[in-house]
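Here is a short tour of a protein model, written for someone new to reading structures. Keep the picture open while you read.

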Amino acid sequence: MAESITKVSIIVSKGSLEGVYPALIMANGARAEGIEANLFFTFFGLDAIIAKRIEHVKVAAVGNPGLHMASLIGVLPGMSAIATRMLERRMDEKDIPGLPEFIELVADAGCGLYGCRASADLFGFTEADFVPQVKAIITVGELYAMAAGGEIIFT
Amino acid sequence: MTTQTLAGVVVERDAEGFLIDPSLWTEAMAEAIAREEGITLTERHWEVVRFMRHAYETTGGGPNVRLLAKTSGIPVKELYSLFPKGPAKTAAKIAGIPKPHGCI
């Protein structure tokens, strides 16, 4: 058998729902397999761990061919909210957790959650702005040190 | 696939160590598989193992971690402290049932 993966560091750089979920699913799946996992949220990806924003992460209604909808319709006010509601309803039917519950799940599963120092400084966020599951705001150097010996996955 | 004697019974196991035939499983076998995983089974471990076994016998498959926590009432955090290498996977292996499917 090929050498198995023992550690993954997953970087979340997108602030849309479809940008955040794959990373959470991969992190959760890693922990379920006994693989060490860390999530590093950077740039707009920070929204997924900002207490005031976590409930409002939305599906991109414009420039998203996956929605199979003309971008011209996507620009109408409220389209992003409608697309998000539709997706959330579908996820609920399939018993996929909502974002706050998913963040709690991966943290409880032992996955480390970290915010990016440069992004937090750029947007003016401090430790108090983050959900309690976040362990720390770290620099890119600290990320590399933490990721040493494992795989880095950028999403 | 390998054939071996586990707690006095000849069994076949897949590449990850899951029993090919769950019906051959015994509680003594559970102890032996747990030892391979570096786990000494406490009563709380047994609660999870029996839960997985029961889920398999009634639904045909063991639950993933989230469903295991939801249906057994044992929190995710505690499940991982009992089975650090993956609660659903490890408990299923110890319970002699197939590896749980599903991504979440």
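What follows goes from the overall look of chain A to its core, and then on to a few spots in chain B.

Before anything else, keep in mind that this is a predicted model.

**Chain A as a whole**

Let's start with the building blocks. Chain A contains 6 helices and 5 strands. If you walk along from the N terminus, you meet them in the order β-α-β-α-α-α-β-α-β-α-β.

How far does the chain spread out? The C-alpha trace of chain A spans about 45 × 45 × 25 Å along its principal axes. Its radius of gyration is 16 Å, which agrees with the value near 15 Å that a compact globule of 155 residues would have. The contacts tell you about the fold too: among those in chain A that link residues at least 6 apart in sequence, 70% join residues at least 24 apart.

Now for the surface. About 8,200 Å² of chain A is accessible, and carbon and sulfur atoms account for 59% of that. Buried residues make up 43% of the 155 residues in this chain. As for charge, chain A carries 12 positive and 18 negative side chains, with the centres of the two sets 6 Å apart.

**Inside the core**

In soluble globular proteins, nonpolar side chains tend to be buried together. Here, the largest nonpolar core has 70 residues, and L39(A) and F41(A) have the most contacts inside it. Helix α1 of chain A, residues 17-32, gives this core its largest share, 7 residues. There is also a second, separate core of 6 residues, with I11(A), Y114(A), C116(A) and I138(A) among them.

Which residues does F41(A) touch? Beyond its neighbours within four places in sequence, F41(A) is in contact with several residues, including V12(A), L24(A), I103(A) and Y114(A). L46(A) is on that list as well, and S119(A) also touches L46(A), along with T42(A) and F43(A). You'll find S119(A) in helix α5 of chain A, residues 117-123.

**Over in chain B**

Two helices are worth a look here. In α1(B), residues 27-36, the buried residues are M29(B), A30(B), A32(B), I33(B) and A34(B). They pack against β1, β2, α2 and α5 of chain B. After this helix comes G38(B), with a positive phi near 75°.

Is α5(B) enclosed or open? All of it is tucked in: 8 of the 8 residues are buried, so this helix is largely enclosed by the rest of the structure. Even K89(B) and K93(B) are among the buried residues. Part of the cover comes from the other chain, since the buried residues of α5(B) pack against α1 of chain A as well as β2, α1, α2, α3 and α4 of chain B. Just past the helix, G96(B) has a positive phi of about 75°.

L41(B) sits in the loop between α1 and α2 of chain B. It touches A30(B), E31(B), A34(B), W46(B) and I94(B), leaving out residues up to four places away in sequence. L41(B) and I94(B) are 53 residues apart along the chain, yet 9.8 Å separates their C-alpha atoms.

**Two buried residues side by side**

Buried means under 20% relative accessible area, and both residues below make that cut.

| Residue | Relative accessibility |
|---|---|
| S119(A) | 3%, buried |
| L41(B) | 12%, buried |

Key:
Residues are numbered from 1 along each chain as its sequence is written. Chains are lettered from A and ligands numbered from 1 in the order in which they are written. This is a predicted model: local features need pLDDT of at least 70, side-chain atom pairs count only at pLDDT 80 or more; totals for chains, interfaces and linings use all residues. Side-chain values use heavy atoms; hydrogens and water are left out. Helices (H or I, at least four residues) and strands (E, at least two) are DSSP runs, numbered from the N terminus. The radius of gyration is taken over C-alpha atoms; the globule rule is 2.2 Å times the number of residues to the power 0.38. Buried means under 20% relative accessible area, exposed over 50%, partly exposed in between (1.4 Å probe, protein chains only). Contact means heavy atoms within 4.5 Å. Accessible areas come from the Shrake-Rupley method with a 1.4 Å probe; for residues, only the protein chains shown count as cover. Lys and Arg count as positive and Asp and Glu as negative; His and the chain ends are not counted. The place of a charge is taken as NZ of Lys, CZ of Arg, CG of Asp or CD of Glu. A nonpolar core is a set of buried Ala, Val, Leu, Ile, Met, Phe, Trp, Tyr and Cys residues joined through side-chain atoms within 4.5 Å.
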